[in-house]
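Here are a few worked exercises to try with the model open beside you. Have a go at each task before reading on.

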Amino acid sequence: MQVAKVHFIAKRDKRDILGMPLLGFLFKNRYMLLFYRLLTLFLLLYAIIYGFVNPTKENVFTTAVFWSLFWPFFMVISLPTLGNVFCMVCPHGFLGKHLTRIGLKLRPPKWLANPYIGLIGSNILAYWFVLYTFPSFLRSPLNTALFFTFFTLLSALLFLLFRGMAYCKYVCPIGSVNSAFSRTSFTWLSTYQEECKTCKKPDCALACPYELNPSKFDSRNSMFNCTLCMECAHACDAVKLEAKPWGSSLYKEIKQPKMIEVMVYILLTAVITFTMRFHHGLSRSGISDFMPWVVVGKYLQSMFNLPKWIDMTGLVAMLMALLLVLSVVYLSFKMVAVVSKRSLKDSLLVLGYAFAPLMIVGGLSHVLEFFFTEYYHNIMNGFSQAFGLGIHVEALAKRGEAWLHIFKVFPFIAGLWSLQILWRRSALLAEQRRVLVFAVASSLPGLYLMLSIFALWVMVSFPSVHTHGAH
Ligand code: SF4
Ligand code: SF4
């Protein structure tokens, strides 16, 4: 029997953003979406070309677009609030949908179908390792243009070769990062299940360029690699985008938990949050000379007589942060496995989701402070330069101004939220021994909170003796 396609949902849920007058238009209207994507594509191409045409330090536009506006500002603000709207408007994803249609549509080989390529190769090694070890490298407009040209060409090639948006899933530096961190937001894409019951040929799934089935998102408690591209919502009216309580999926059982999501939370907490606290916080305090990464870094720098553009202190800080975080997680979860009588892997897959807020919510502190001291004037003056607007603005605040310390509250919100999720998830792992499991597994958020308190104490007691460059 042919079952009718759902054409129209007459009464949408109150919390369904797609049914709200203005928000529904902004999130779902084809022309609005096209407008955002053409705008970001234009900015991407213009900033790259501008970087090649004007490769000197005079060019403040190219670096402002990539390192101030898109990444990290827009990404860090949008992920824990609206969810993965970064991917929704991403020019690579936009191009990808069209290139895939005309491409070879091959199945990605096994070696490529691995999201750790994106997380460790494209993100940690290609970006964070370079940033800490060669700090001035990516501040150059030419290198920034080359960096994004490389990823644009690579994405185009992979979109043309493979089906299912393989570049986004496996190679993009922020593909798996965005889908993992979007769990901390208040948005959730799914479908009206009553309508789906009558549907035998899910138009939403057939329309999805990522080969996902949104009608299963609720039952799996996972949106997988959803980029909020809204192709499914255009194919069927039964798709909804709900405004739910913040991070609601993190409290419930996850049917197919993914180690890559847990590793995103753990590795980026080490590489971004801990390393920045070490290298961009404590290394610039009055007691920096006592910090172990400074001592070892300076020793290596002089032993190998390295030039100044190589920063061994930054590299050692990152390696020490990784070693510290991974050891703490490994040892504490070994104990959790014993206490809960589950395997180490199971323990991580159930409880590791509690670490989701640490980097992304804690990171709001850094990004908001930097908006006032760096990003705002970088972006405004960069756009003024590139489009001949003839305006010049100063920073909204100077580094060290007392009121900026208000943003230091975010790491504490992140740490406490992580502990609260951990408490709830501990019951999913071992109801009987919940208290013990929670106590042992809270070592990472506990360490994170202690480091935040220590950094605050050092900042007040031994104020900064160096200036902090943009990054
Ligand atoms: S996964 Fe990467 S390339 Fe794909 S849409 Fe998201 S940011 Fe863009
Ligand atoms: S589920 Fe819908 S919004 Fe998500 S990627 Fe697929 S088509 Fe796009």
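**Exercise 1: the shell around ligand 2**

Task: In this predicted model, sort the residues of the shell around ligand 2 into nonpolar, polar and charged.

Solution. Start with who is there: 13 residues surround ligand 2, and C208, C226, C229, M230 and C232 come nearest. Now sort the shell by class, and you get eleven nonpolar residues, one polar and one charged.

**Exercise 2: α6 against α16**

Task: Work out how helix α6 and helix α16 are oriented to each other.

Solution. Two numbers do the job here: two packed helices are described by the angle between their axes and the distance between the axes.

Step 1. Find the helices: α6 covers residues 116-133 and α16 covers residues 312-340. Their axes lie 6 Å apart, at an angle of about 135 degrees.

Step 2. Place that angle. Roughly perpendicular ends at 115 degrees and roughly antiparallel needs over 145, so α6 and α16 are oblique to each other.

Step 3. Look at who touches whom. From α6 come W128, F129, Y132 and T133, while α16 brings G314, L315 and M318. Sorted by class, this contact holds five nonpolar residues, two polar and no charged ones.

**Exercise 3: α6 against α14**

Task: Do the same for α6 and helix α14, residues 259-281.

Solution. Take the geometry, then the contact.

Step 1. The two axes cross at roughly 5 degrees and come within 11 Å. An angle under 35 degrees counts as roughly parallel, so that is the label for α6 and α14.

Step 2. On the α6 side, the contact uses Y116, L119, I120, N123, I124, W128 and Y132. Their partners in α14 include M259, M263, L267, V271, T275 and H279.

Step 3. By class, the contact of α6 with α14 comes to 15 nonpolar, four polar and no charged residues.

**Exercise 4: the cavities**

Task: Describe the linings of the largest cavity and the second largest cavity.

Solution. The count comes to five cavities of 30 Å³ or more; we'll take two of them in turn.

Step 1. The largest cavity holds about 360 Å³ of space. It is lined by 24 residues, with F86, C90, H92, F148 and I174 closest to its centre.

Step 2. Several helices supply at least two lining residues each, among them α2 (30-53), α5 (91-102) and α7 (141-161). The largest share, four residues, comes from α3. By class, the lining has 19 nonpolar and five polar residues, and no charged ones.

Step 3. The second largest cavity offers about 160 Å³. Among its 21 lining residues, S182, R183, T187, W188 and M223 sit closest to the centre. Strand β1 (residues 187-191) gives the most to this lining, with three residues. Here the classes split into eight nonpolar, ten polar and three charged.

**Exercise 5: backbone oddities**

Task: Check the peptide bond from W71 to P72 and the phi of F224.

Solution. Keep the usual picture in mind: most residues other than glycine have a negative phi, and most peptide bonds are trans.

Step 1. The bond from W71 to P72 is cis, with omega near 25 degrees. P72 is in helix α3.

Step 2. F224 is not a glycine, yet its phi is positive, at about 50 degrees. You'll find F224 in the loop between α12 (217-220) and α13 (231-235).

Methods: Residues are numbered from 1 along each chain as its sequence is written. Chains are lettered from A and ligands numbered from 1 in the order in which they are written. This is a predicted model: local features need pLDDT of at least 70, side-chain atom pairs count only at pLDDT 80 or more; totals for chains, interfaces and linings use all residues. Side-chain values use heavy atoms; hydrogens and water are left out. A residue is near a molecule or strand if one of its heavy atoms lies within 4 Å of it. Ala, Val, Leu, Ile, Met, Phe, Trp, Tyr, Cys and Pro count as nonpolar, Asp, Glu, Lys and Arg as charged, and the others, Gly among them, as polar. Axes are lines fitted to C-alpha atoms, for helices over the stretch in contact, and angles run from 0 to 180 degrees between N-to-C directions. Angles under 35 degrees count as roughly parallel, over 145 as roughly antiparallel, 65 to 115 as roughly perpendicular and the rest as oblique. Contact means heavy atoms within 4.5 Å. On a 1 Å grid over the protein atoms alone, a cavity is a set of points where a 1.4 Å probe fits but cannot get out, and a pocket is an open set with protein on both sides within 12 Å along at least five of seven lines; lining residues have an atom within 4 Å of a point. Grid points are joined across faces, edges and corners, and a volume is the space filled by probe spheres set on the points.
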